[in-house]
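Student: Please take a close look with me at one part of this structure, and then show me how the rest of the chain can be read alongside it.

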Amino acid sequence: MENNLIVSPSPHIHGGDSISKNMYGVIIALIPAFLVSLYYFGIGALVVTTVSVTACVAFEYLIQQFLFKKEVTLWDGSAVLTGLLLAFNLPSNLPIWIILIGALAAIGIGKMSFGGLGNNIFNPALVGRVFLLISFPAQMTTWPVPGSFPLTYTDGETGATVLSLINRGSHELPSYVDMLLGNMGGSFGEVGAIALVLGLIYMLVRRIISWHIPVSVIGTVVVFTGIMHVVDPYSYANPLIHLLSGGLLLGAIFMATDYVTSPLTKNGMLIYGVGIGLLTSVIRLFGAYPEGMSFAILIMNAFTPLINSYIKPKHFGGK
């Protein structure tokens with residue numbers, strides 16, 4: 001028979017799409033946020049991004065070529081995308097040697113230890129970020145002030161993020177305009193809300209992702225934090241601040257929607273997104289760490305196989 005049925009691991013992409021086409025589509029969607037980061041963080045954003053992408057590509061090549069001894073698949077764009085997303089989750093003043101460790105953790109532990117693309121359980125970029133956060137908490141929570149361009153990118157004025165200020169009980173927050181445009185502290189790829197939303201629109205129009213995960217994540221956080229704000233407006237920030245600050249938009253749009261680590265069905269995606277939103281809200285409001293997006297996504301990544309097992313589409317002709 002010429003038309004054989006081929007069974008392979010996820011991600012399963014049908015029609016005229018391909019893995020590489022969609023990976024590069026996501027990379028294009030990240031360009032507006034990258035331009036915003038260059039505007040506000042200058043050479044630091046460029047250095048961190050270049051090192052992260054180069055290191056992820058190099059580590060994947062070395063592992064495939066010399067450890068797995070199999071065909072190198074760098075051209076599918078997944079290593080480049082992992083490097084970009086890892087960089088977007090880092091401060092723009094992070095030393096190069098720490099970035100290299102994060103890239104090795106992302107590719108070596110988060111991706112290749114499971115067998116490579118399509119087999120990893122957790123989002124590789126978030127594995128790298130959390131690994132660095134646990135290993136180097138001081139460096140990973142030192143945020144450059146936007147617009148300060150020292151001669152050496154690792155030196156310069158630093159400040160707190162919006163979520164850190166809220167966690168301390170401060171009410172001196174950036175304006176909504178600054179938060180929309182990205183003029184605030186944080187991981188340099190998460191600060192430009194408008195740019196991230198432009199990336200979302202691009203991916204929805206190109207059908208690279210569906211609306212289910214981003215909308216369910218963002219909607220859950222807005223509803224939960226909104227209820228808490230109504231109950232105690234002095235202690236809990238309003239939902240718009242939670243929406244525009246931290247890694248909520250970056251995580252909901254670009255990290256939680258990862259093909260491999262998210263559920264396959266639309267109903268499963270909604271459950272997955274609600275779970276991420278609830279965990280993020282609980283960590284932000286009641287946890288010691290002001291940001292919970294990375295941890296929430298990784299936790300729900302672990303539940304994805306369970307969701308896929310119990311939330312299944314009807315078989316053809318089924319009731």
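Tutor: A residue is called buried when its relative accessible area is under 20%, exposed when it is over 50%, and partly exposed in between (1.4 Å probe, protein chains only). The model is predicted, so local features need pLDDT of at least 70 and side-chain atom pairs pLDDT 80 or more, while totals for chains, interfaces and linings use all residues. Residues are numbered from 1 along each chain as its sequence is written, and side-chain values use heavy atoms, with hydrogens and water left out.

The part to study closely is Gln64, which counts as buried because its relative accessibility is 3%. Gln64 sits in helix α3, where a helix is a DSSP run of H or I of at least four residues, a strand is a run of E of at least two, and both are numbered from the N terminus. If we leave aside residues up to four places away in sequence, Gln64 touches Lys69, Lys70, Glu71, Val72, Thr73 and Met112, a contact being heavy atoms within 4.5 Å. Gly116 is also worth finding on the screen, since it lies 52 residues from Gln64 in sequence and 8.8 Å from it in space, C-alpha to C-alpha.

From Gln64 we can widen the view to the whole chain, which has 15 helices and 2 strands. Of its 319 residues, 51% are buried. If we take the contacts between residues at least 6 apart in sequence, 73% of them join residues at least 24 apart.

The helix that holds Gln64 also leads to the nonpolar core, a term for buried Ala, Val, Leu, Ile, Met, Phe, Trp, Tyr and Cys residues joined through side-chain atoms within 4.5 Å. The largest core has 78 residues, and those with the most contacts inside it are Phe88, Leu90, Met203, Phe254, Tyr272, Ile276 and Ile297. Helix α3, residues 43-68, gives this core its largest share, namely 8 residues. To see one core residue in detail, look at Met203, which touches Val26, Ala29, Ile208, Ile209, Ile253 and Phe254 when residues up to four places away in sequence are not counted.

Further along the sequence is Arg207, which is found in the loop between α10 (193-205) and α11 (212-231). Arg207 has a positive phi of about 60°, although it is not a glycine, and it counts as exposed because its relative accessible area is 72%. In helix α10, by contrast, we find Leu198, which is partly exposed with a relative accessible area of 47%.

Aromatic rings offer one more way to read the model, and a search of the whole structure finds 6 aromatic pairs. Rings of Phe, Tyr and Trp (its six-membered ring) pair if their centres lie within 6.5 Å, with planes under 30 degrees apart counted as stacked, over 60 as edge-to-face and the rest as tilted. Tyr39 and Tyr40 are edge-to-face because their planes stand at 85°, and their ring centres are 5.0 Å apart. Within this pair, Tyr39 is exposed at 61% relative accessible area, whereas Tyr40 is buried at 12%. Tyr289 and Phe295 also form an edge-to-face pair, at 5.8 Å from centre to centre and with 90° between the planes. Here Tyr289 is partly exposed at 23%, and Phe295 is partly exposed at 28%.
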